[in-house]
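Me: Could you take a close look at one metal site in this model and walk me through its surroundings?

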Amino acid sequence: MRIGCHLSISKGFAAMLRVGQELGAEIVQYFPKNPRSYRLKAFDPVQLRKEYEETRELDIVTVAHSPYVTNLSTGDPELRETTIASIVNDLEIADAYGSSGLVIHCGKHVGQGERRGLELMIEAIDEIMQRYEGPTRILLENTAGQGSELGRTVDELLTIHERLSFSNRVGFCFDTCHAFAGGVLDFEHWDEVKSELMREEFRSKVELVHLNDSMMPFGDKKDRHQLLGQGEIGADNLRLFLTSDIFPGVGVVIETPVEKERDYAGEIAIARQWVSV
Ligand SMILES: [Zn+2]
Ligand SMILES: [Zn+2]
């Protein structure tokens with residue numbers, strides 16, 4: 001099981017991976033561009049590919065994460081076009097860096113109703129996959145169901161997935177904080193939850209785990225990450241999740257509120273210790 005964390009790419013891809021190596025990360029997630037904006041980033045694919053080739057010896061797998069502001073379900077035609085172009089840009093950058101996937105949060109219907117929100121989200125992903133045909137995969141992340149966020153439950157994620165035109169190029173990212181705050185990861189009913197997550201049609205599509213503790217209590221539907229073992233999920237439950245072999249072989253990325261990037265070394269060590277005992 002590859003364990004790693006989210007890092008900043010602001011000093012460049014190679015510098016980011018060297019930090020990752022020092023922290024003990026075997027997988028690193030990054031934002032291909034400013035996470036608070038849709039603005040397209042100009043890049044030279046040859047240069048990015050070179051950076052990727054030069055860092056392969058580090059044996060660190062990378063995944064990208066689309067900007068926070070992204071709403072796949074937006075009903076505004078102009079914003080929709082901006083969003084689609086932004087994600088295609090993210091995919092192209094991620095592709096050039098040899099990253100296997102781009103994590104995208106499921107959409108928010110913001111008053112349009114769930115059904116319309118889902119429709120718009122599916123159409124947007126179809127459009128993105130028509131414009132981008134490379135190997136980097138879209139990984140739809142489960143949400144905490146905050147506000148009008150879609151994609152909270154296993155069933156909802158599967159419903160979205162089965163309606164996609166290019167579903168073979170889309171997988172899931174499972175975030176423990178979102179699932180806990182969203183009322184899905186219920187450790188009081190662990191056996192049932194575990195078999196729900198292990199339904200073959202879901203399990204086979206999960207390609208990444210985000211391992212985070214939650215500042216908010218179970219079912220609160222608020223997305224606030226906490227340091228591993230210091231939140232409402234707690235060390236015992238996170239360890240139980242991690243050692244239950246629910247998503248075997250899937251990379252684990254930690255995105256907890258560390259003060260400095262260096263502090264991820266401790267978070268990675270905690271997670272690694274959980275899986276080693
Ligand atoms: Zn996440
Ligand atoms: Zn989150």
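Reply: Happy to. The zinc ion (ligand 2) is held by H178 (NE2), H225 (NE2) and D223, the last listed twice through OD, at 2.0 to 2.5 Å. Donors here are N, O and S atoms within 2.8 Å of the metal (3.2 Å for Na, K and Ca), and water is not among the atoms, so sites may look incomplete.

Please keep in mind that this is a predicted model, in which local features need pLDDT of at least 70, side-chain atom pairs count only at pLDDT 80 or more, and totals for chains, interfaces and linings use all residues. Residues are numbered from 1 along each chain as written, chains are lettered from A and ligands numbered from 1 in written order, and side-chain values use heavy atoms, without hydrogens or water.

The angles among the four donor atoms of the zinc ion (ligand 2) run from 53 to 133 degrees, and the site is irregular. That label is for anything that is neither tetrahedral (four donors, all angles between 85 and 135 degrees) nor square planar or octahedral (four or six donors, opposite ones over 155 degrees apart and all others between 65 and 115). Along the chain, the donors follow the spacing H-x44-D-x1-H. The pair H178, in helix α6 (residues 176–181), and H225, in strand β9 (residues 225–226), links distant parts of the chain, 47 residues apart; helices (H or I, at least four residues) and strands (E, at least two) are DSSP runs numbered from the N terminus. H178 and H225 are both buried, meaning under 20% relative accessible area with a 1.4 Å probe, protein chains only.

As for neighbours, the zinc ion (ligand 1) is 4.4 Å from the zinc ion (ligand 2).

Notes
Buried < 20%, exposed > 50% of the residue type's maximum accessible area, 1.4 Å probe, protein only.
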